[in-house]
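Hi everyone, thanks for coming. Let me put the sequence and the model up on the screen, and then we'll walk through it together.

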Amino acid sequence: MNHLYRTGATALLATVLAFGLGGCGEEEIQQSLEPVAFHASDECHVCGMVIADFPGPKGQAVAKNGVKKFCSTAEMLGWWLQPENRHLDAKLYVHDMGRSVWEHPDDEHLIDATGAYYVIGTSLKGAMGASLASFASEQQAQQLAAEHGGRVLRFAEIDQALLQEAANLQHGGAPAHGHGNAGH
């Protein structure tokens, strides 16, 4: 009887553990990588500044282990371009400025950063360094570039040299060699 009791208890324990572990895996798989709202107290993952203190589009990287928020699209892209971050399993989001006002971007209109159009070199002020206006629509991006200067780029065209050039232009410097007159 004792042997039968141990065998039954072991089988019951194995079954409970199997269901318990199986449930953990399902929760992880179902975890959303959707964008989240920005809050008044959020700080930029890169510079530590309060994100709400700045106008212009913001960015965020959403991963299974949490969300990293950035005070600008340029800060997020600069972080993403670092070799150690390129291999993270994260989704990147930016504000669609075609459906937001510059002073207070609307968190209801966060879009996939990898599919966005970016306007670099505008006269618009944002957070530290370069302001890259982000759009879901190429036409709206072209319209902003026509009104405020700059040129339209895609996500894959942005690299560290381009971000540095944009930061230099924002502070009255000259364009970096090789990117000065490129455009669409």
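Here's one to start with: which residue in β3 is the bridge partner of Gln-60? It's Tyr-93. Before I go on, some housekeeping: this is a predicted model, where local features need pLDDT of at least 70 and side-chain atom pairs count only at pLDDT 80 or more, while totals for chains, interfaces and linings use all residues. Residues are numbered from 1 along each chain as its sequence is written, and side-chain values use heavy atoms, with hydrogens and water left out.

When I say helix or strand, I mean DSSP runs, numbered from the N terminus: H or I with at least four residues for helices, E with at least two for strands. And two strands pair if DSSP finds at least two bridges between them.

Okay, back to β1 and β3. They run antiparallel, joined by 5 bridges, and another of the matched pairs is Ala-63 with Ala-90 in β3. β1 also pairs with β2, residues 66-70, in the antiparallel sense over 5 bridges. There, Gln-60 stands opposite Lys-69, and the hairpin from β1 to β2 goes through 2 residues. On to β3 and β4: that's an antiparallel pairing too, over 3 bridges, with Val-94 opposite Ile-111 in β4.

So is β1 enclosed or open? For us, buried means under 20% relative accessible area, exposed is over 50%, and partly exposed is in between, using a 1.4 Å probe and protein chains only. 5 of the 5 residues of β1 are buried, so this strand is largely enclosed by the rest of the structure. In a regular strand the side chains alternate between the two faces of the sheet. In β1 both faces are covered, with Gly-59, Ala-61 and Ala-63 buried on one side and Gln-60 and Val-62 buried on the other. β3 is mostly covered as well, with 5 of its 6 residues buried.

Next, the other sheet. This one is open, has 3 strands in the order β6-β5-β7, and pairs antiparallel. Why does one side of β6 and of β7 lack a neighbour in the sheet? β6 (132-135) and β7 (151-154) stand at the edges, each with a single partner strand, so one side of each is left without a neighbour there. From one strand to the next the twist averages 30°; for angles, axes are lines fitted to C-alpha atoms, for helices over the stretch in contact, and the angles run from 0 to 180 degrees between N-to-C directions.

β5 and β7 are joined by 4 bridges, and Ile-120 has Arg-151 in β7 as its bridge partner. Two helices pack on this sheet, and contact here means heavy atoms within 4.5 Å. α2 touches β5 and β6, and its direction makes about 90° with that of β6. α3, residues 138-148, touches β5, β6 and β7, and its direction makes about 5° with that of β5.

Let's zoom in on Leu-144, which lies in α3. At 13% relative accessibility, Leu-144 counts as buried. Leaving aside neighbours within four places in sequence, its contacts include Val-119, Leu-124, Ala-133 and Phe-135.

Now Ser-134, over in β6. Ser-134 has 0% relative accessibility, so it counts as buried. A polar atom of its side chain lies 2.5 Å from the backbone oxygen of His-95. Beyond its neighbours within four places in sequence, Ser-134 is in contact with several residues, among them Pro-57, Thr-73, Val-94 and Tyr-118.

Last topic, the nonpolar cores. In soluble globular proteins, nonpolar side chains tend to be buried together. By a nonpolar core I mean a set of buried Ala, Val, Leu, Ile, Met, Phe, Trp, Tyr and Cys residues joined through side-chain atoms within 4.5 Å. The largest one here has 35 residues, and Leu-77, Leu-92, Tyr-118, Leu-132 and Ile-158 touch the most other members. Elements that each supply at least two residues include β1, α2, β3 and α4 (160-170). The largest share, 5 residues, comes from α2. Apart from that core lies another, of 11 residues, including Met-97, Val-119, Ala-133 and Phe-135.

That's my tour, so over to you.

Notes:
Polar contact = N/O pair within 3.5 Å; in protein donor to acceptor, adjacent residues only side chain to side chain.
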